[in-house]
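Here are some worked exercises to try with the structure open beside you. Have a go at each task before reading its solution.

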Amino acid sequence: MQKAVVANSANAPLLQQEVAVKAGRLTKVRPYLYVLPALLFFSAFFFIPILYIIYLSVFDWSLLNLEEMEWVGWQNYADLLSDADFHQVLLNTMLFTVATVVLGIGLSFLLALWLNQKRKLVAVVQASVFSPHIISLVSVSMLWMWLMDPQYGLLNALLEFIGLPAYTWLADTKSALLSLVLVSVWKVVGYNTIVFIAGLQSIPKDLYEAAALDRSTRWQTLRRITIPMLSPTLFFLLITNTISSFQVFDTISIMTQGGPVNSTNMLVYYIYEQGMDYYNGGLASAASVILLGLVGLLTVFHFWTMRKRVHYR
Amino acid sequence: MQQVVKKYNNQTVVKGLDLVIPDGSFTVLVGPSGCGKSTTLRMIAGLEEITAGDLLIDGQRVNDLAPGKRDVAMVFQNYALYPTMNVFDNIAFGLLNRGFSKKDCKRMVEEIAEIVGLSSYLQRKPAELSGGQRQRVALARAMVKKPRVFLMDEPLSNLDAKLRNQMRVELTSLHKQLGTTFIYVTHDQVEAMTMGDQIVVMNEGEIMQKASPFELYQQPANLFVAQFIGSPAMNILPTDKESIGFRPEKAMLTAGSARTIQPAAGFVDHGRIVAREILGSDVLYYVSGRAGKIIARKAADELLAEGTEVTVSVAAEHLYRFDQETGRALSVAAIKQESLPSGGLG
């Protein structure tokens, strides 16, 4: 009995140590266990597909015959970068993105400033401005195709009514891209406006009162107080609008199919065309990687240029 | 202010205010929440439209003058510093808008920063400052404009107790130094009593009394002021026609129910101590008497235990009388024996 007690007491510190070591390990592992579900989800639907598309982009392959994949190295990229059509696609995408983002954010900012005042019609205007956001892009596109119809469309009828010549809208290489910009801006303005209004309403009123006592003019107040205070909102919209403009697809697919003469073809539609219409999987994959790279670069650029100008409270 | 009225959607929050604020005074508007004191201040600043009446500064009607043109500066409760600007820009913003050159601005900002002790913080953003430092920036921003009137809307309420006491002293000495008119809004009677040379007590959009701190305490014009000013509040004991009142520190407490009290006592009651609070130098006794609940404040030299039977007596010159209906103060000399509660006169 005496012996057993002695042995037990000698073992006790060892046991405690072991438990402590195990607990220490668990503490280290625990955070990873917590994020594991999210990590698995992201890996399955995000990281692995990205790696896989990069892998696919160095092969010549077609959806029709997946058995015959031929390693071609950087050839797909070289082909794309030397292709005049692809240059046009890149240019279209850039122009479309810049125009949509600038107009979409600019207009919604002005609208939000106007709607943020106590006016009678605010609720009605807010609801009608926001409604395009909840309609499917396909329906929106169909609607605008009718509006922009050169012969029977409402827009030309209006132009004619006020004595202006009819416009070519989607039928001309010069005006088609602009018409798509118009549709996208119309669609995005409502959402942006709501986000801006939320931002405006979170600015403390006493800042404006302090500014009034500081003899700040309306322009000064806008430039020195409202815009800096809205910078996180502005930045958020800039990033999300840029990314979604880069990924425009539905409107092109329904309204123009990239035409006339490739004038409205943009990256995502081009990828779809290469992969699904021409069965050129390798080129489509390489173009996808380029899209990913461009969006990534732009986002990094935005973050870098805005890092000092965005004020987070 | 002449018959100044403020209405929000048919609800009158300031009811015909007549008030003269002497040049160079430290006037405190004090009252419970919702009494209209902040609204009054904001009307003076031009941040609220005046529904009716006239607001004159130096004899000039300023009802329709933009806030920036009234030559007033305001310190807000939450300081309202521009979060995106650093301390320098916060102070300089008003100066630049007033047309000062950048060089003059720099000199003036640096001078004022020196005075309030912010020189080494000029490049920091408000978020990087402590509550007290932000308070100083707000003060500096107001001071640098050299206004005719300083308006302060509960500027100390966001500070901790120690810093609040310190800033109270600093603000009063700042007022003496500058000699400018200060109008200060607070709900804290201690702030009002210690800082103001003229106190305006407000309730439900009306002025209850305007007086110096001493007068306000010694000669409250009505029941509201009597109970609002002083901590703990004045004891009020209702009778048939009027209410009588006395300050807790004026009540004499004698252990036992024997009528061994001073002959000049104007009020006597017997009761039992139901609770006591030891504040350090003083003790508050809560006495349940025949006339009602009474609070007495005594020096903590000797303590009376809870449950002790006591006699409460108050000298006649320390009694106040108020009209039961209007709450207005009646003259002290006119106390009648029969009007007293069951305690009775000595």
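**Exercise 1.** In which hand does α3(B) pass α4(B): is the crossing right-handed or left-handed?

*Solution.* Keep in mind throughout that this is a predicted model. Start by finding the two helices: α3 of chain B covers residues 102-116, and α4 of chain B covers residues 131-143. Looking at how they pass, you will see that α3(B) makes a right-handed crossing with α4(B).

Next, take the geometry. The axes of α3(B) and α4(B) are 10 Å apart, and the packing angle is about 135°. That angle makes α3(B) oblique to α4(B).

Finally, look at the side that each helix offers. Ile112(B), Ile115(B) and Val116(B) come from α3(B), and they meet Arg136(B), Ala140(B) and Met143(B) of α4(B). Sorted by type, the contact of α3(B) with α4(B) holds five nonpolar residues, no polar ones and one charged.

**Exercise 2.** Work out whether α2(B) and α4(B) are roughly parallel or oblique to each other, then list the residues that bring them together.

*Solution.* First, the angle: helix α2 of chain B (residues 87-97) packs on α4(B) at about 25°, with the axes 8 Å apart. Angles under 35 degrees count as roughly parallel. Therefore α2(B) and α4(B) are roughly parallel to each other. Their crossing is right-handed.

Second, the contact: α2(B) supplies Val87(B), Asn90(B) and Ile91(B), while α4(B) supplies Val137(B), Ala140(B) and Arg141(B). The residues of this contact of α2(B) with α4(B) are four nonpolar, one polar and one charged. Ala140(B) is worth a second look: it takes part in the contact with α2(B), and it was also listed in the contact with α3(B).

**Exercise 3.** Move to chain A and describe how α4(A) and α7(A) pack, from angle to residue types.

*Solution.* Begin with the extents: α4 of chain A spans residues 122-134, and α7 of chain A spans residues 176-201. The axes of these helices lie 6 Å apart at an angle of about 125°, and α4(A) and α7(A) are therefore oblique to each other. This crossing of α4(A) and α7(A) is left-handed.

Then collect the contact residues. From α4(A) they include Val129(A), Phe130(A) and His133(A), and from α7(A) they include Trp186(A), Tyr191(A) and Ile194(A). Across the contact of α4(A) with α7(A), eight residues are nonpolar, four are polar and one is charged.

**Exercise 4.** Which strands stand at the edges of the sheet β12-β13-β19-β20 of chain B?

*Solution.* Write down the order first: this open sheet has four strands, β12-β13-β19-β20 (chain B), paired antiparallel. β12 (235-238) and β20 (329-330) of chain B each have a single partner strand, so one side of each is left without a neighbour in the sheet. Those two are the edge strands.

Now go inside the sheet. β13 (residues 242-246) and β19 (residues 320-323) of chain B run antiparallel and are joined by four bridges. In this pairing, Ile244(B) sits opposite Arg321(B) of β19(B).

**Exercise 5.** Do the same for the sheet β2-β1-β4 of chain B, and find the bridge partner of Tyr8(B).

*Solution.* The sheet is open, has three strands and is paired antiparallel. Its edges are β2 (11-17) and β4 (52-54) of chain B, each with one side free of a neighbour in the sheet because each has a single partner strand. From one strand to the next, the twist averages 20°.

For the partner, follow β1 (residues 2-8) of chain B, which pairs with β2(B) over four bridges in the antiparallel sense. There, Tyr8(B) is bridged to Gln11(B) of β2(B).

**Exercise 6.** Which residue takes a positive phi in the hairpin of β10(B) and β11(B)?

*Solution.* Locate the strands: β10 (residues 198-203) and β11 (residues 206-211) of chain B are antiparallel and share five bridges. One pair to check is Ile199(B) with Ala211(B) in β11(B). Two residues lie between the strands of this hairpin, and Glu204(B) takes a positive phi near 45°.

Note on methods:
Residues are numbered from 1 along each chain as its sequence is written. Chains are lettered from A and ligands numbered from 1 in the order in which they are written. This is a predicted model: local features need pLDDT of at least 70, side-chain atom pairs count only at pLDDT 80 or more; totals for chains, interfaces and linings use all residues. Side-chain values use heavy atoms; hydrogens and water are left out. Two strands pair if DSSP finds at least two bridges between them. Axes are lines fitted to C-alpha atoms, for helices over the stretch in contact, and angles run from 0 to 180 degrees between N-to-C directions. Angles under 35 degrees count as roughly parallel, over 145 as roughly antiparallel, 65 to 115 as roughly perpendicular and the rest as oblique. A crossing is left-handed if the near helix is turned anticlockwise from the far one by less than a right angle, and right-handed if clockwise. Contact means heavy atoms within 4.5 Å. Ala, Val, Leu, Ile, Met, Phe, Trp, Tyr, Cys and Pro count as nonpolar, Asp, Glu, Lys and Arg as charged, and the others, Gly among them, as polar.
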